[in-house]
Amino acid sequence: MRPPWALPPAAFLDTCTRCSACIAACPQQVLGTGDGGFPQFDPAAGECTFCGRCAEACLPRALDPSAVTRPWQQPAVIADRCFQNHGIVCASCLDACPKAAIGRTPGRTAMPVVDPERCSGCGACVAVCPAGAIALAVVAPEAIR
């Protein structure tokens, strides 16, 4: 996954110089070097707070808040291996979510559900999930209002 405010894929690849200034500027240390030397976000490393320091450090403007409406389009998704689906009580993702975007379905199993309208894709829920059941899914911008 690209850092927040990344230009669309082709434009990002053309614009990013792979200088790693965004990686060095990230106070949460959730950006690293990915394929081809391009920066990437690693939700397993922690939560992105959208502080904007990565975009400020990006002189070529491959990360450009003025060019995109949201930092990114990657809400959390919860897989069937979630402990709640197997009768094990867990609320790690609910407790970690700073936007309260994770709720529970009514009923006996009370599965966690993500509200994609509220989910910022910060990744706070990913690393804390003891079942490894949460990932961030890149979706088309039109899928998120």
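The following exercises, each with a worked solution, concern a predicted model of a protein.

**Exercise 1. Confidence**

Determine what share of the residues scores a pLDDT of at least 70, and examine the stretch 140–145.

Solution. The average pLDDT of the protein is 90, and 95% of the residues score at least 70. Residues 140–145 have a pLDDT below 50. Beyond near neighbours in sequence, eight contacts are present in the model for this stretch. Where pLDDT is low, predicted coordinates should not be read in detail.

**Exercise 2. The largest nonpolar core**

Identify which residues of the largest nonpolar core touch the most other members, and which helices and strand each supply at least two residues.

Solution. The largest nonpolar core has 33 residues. Those that touch the most other members are Phe12, Phe41, Leu63, Cys125 and Ile134. At least two residues of this core come from each of helix H3 (53–57), helix H5 (124–128) and strand S6 (134–136). In soluble globular proteins, nonpolar side chains tend to be buried together.

**Exercise 3. Cysteines**

Establish how many disulfides the structure holds, and examine Cys16 and Cys125 in turn.

Solution. The structure holds zero disulfides. For Cys16, the nearest cysteine sulfur is that of Cys22, at 6.4 Å. For Cys125, the nearest cysteine sulfur belongs to Cys119 and is 6.2 Å away. A disulfide requires sulfur atoms within 2.5 Å, so neither cysteine is in one.

The next step is accessibility. Because buried means under 20% relative accessible area, Cys16 counts as buried at 13%, and Cys125 counts as buried at 7%. Setting aside residues up to four places away in sequence, Cys125 touches Ala76, Cys93, Ala96, Ile102 and Ile134.

**Exercise 4. Aromatic pairs**

Classify the geometry of the pairs Phe12–Phe38 and Phe50–Trp72, and state where each partner lies.

Solution. The count of aromatic pairs comes to four. The ring centres of Phe12 and Phe38 are 6.1 Å apart and their planes stand at 50°, so this pair is tilted. Phe12 belongs to helix H1 (residues 9–15), whereas Phe38 lies in the loop between strand S1 (31–33) and strand S2 (39–41); the pair therefore ties together parts that are 26 residues apart in sequence. Phe12 is buried, with a relative accessible area of 1%, and Phe38 is buried as well, at 10%.

For Phe50 and Trp72, the ring centres are 5.4 Å apart and the planes are at 70°. Since planes over 60 degrees apart count as edge-to-face, this pair is edge-to-face. Phe50 is in the loop between S2 and H3, and Trp72 is in the loop between H3 and strand S3 (76–78), so the pair ties together parts that are 22 residues apart in sequence. Phe50 is partly exposed, with a relative accessible area of 22%, whereas Trp72 is buried, at 6%. Both belong to one aromatic cluster, formed by Trp5, Phe41, Phe50 and Trp72.

**Exercise 5. The surroundings of Ser120**

Locate Ser120, decide whether it is buried or exposed, and list its contacts.

Solution. Ser120 lies in the loop between strand S5 (112–114) and H5. Its relative accessibility is 17%, so Ser120 counts as buried. The Ser120 side chain reaches the backbone nitrogen of Cys122 at 3.4 Å. Leaving aside neighbours within four places in sequence, Ser120 is in contact with Phe50, Arg70, Trp72 and Lys99. Phe50 and Trp72 are the partners of the edge-to-face pair in Exercise 4.

Technical notes:
Residues numbered from 1 in each chain as written. Predicted model: local features only at pLDDT ≥ 70, side-chain atom pairs only at ≥ 80, totals over all residues. Heavy atoms only, no water. Core = buried A, V, L, I, M, F, W, Y, C linked by side-chain atoms within 4.5 Å. Buried < 20%, exposed > 50% of the residue type's maximum accessible area, 1.4 Å probe, protein only. Helix = DSSP H or I, 4+ residues; strand = E, 2+ residues; numbered from the N terminus. Contact = heavy atoms within 4.5 Å. pLDDT = per-residue confidence, 0-100. Polar contact = N/O pair within 3.5 Å; in protein donor to acceptor, adjacent residues only side chain to side chain. Phe/Tyr/Trp six-rings, centres within 6.5 Å; stacked < 30°, edge-to-face > 60°.
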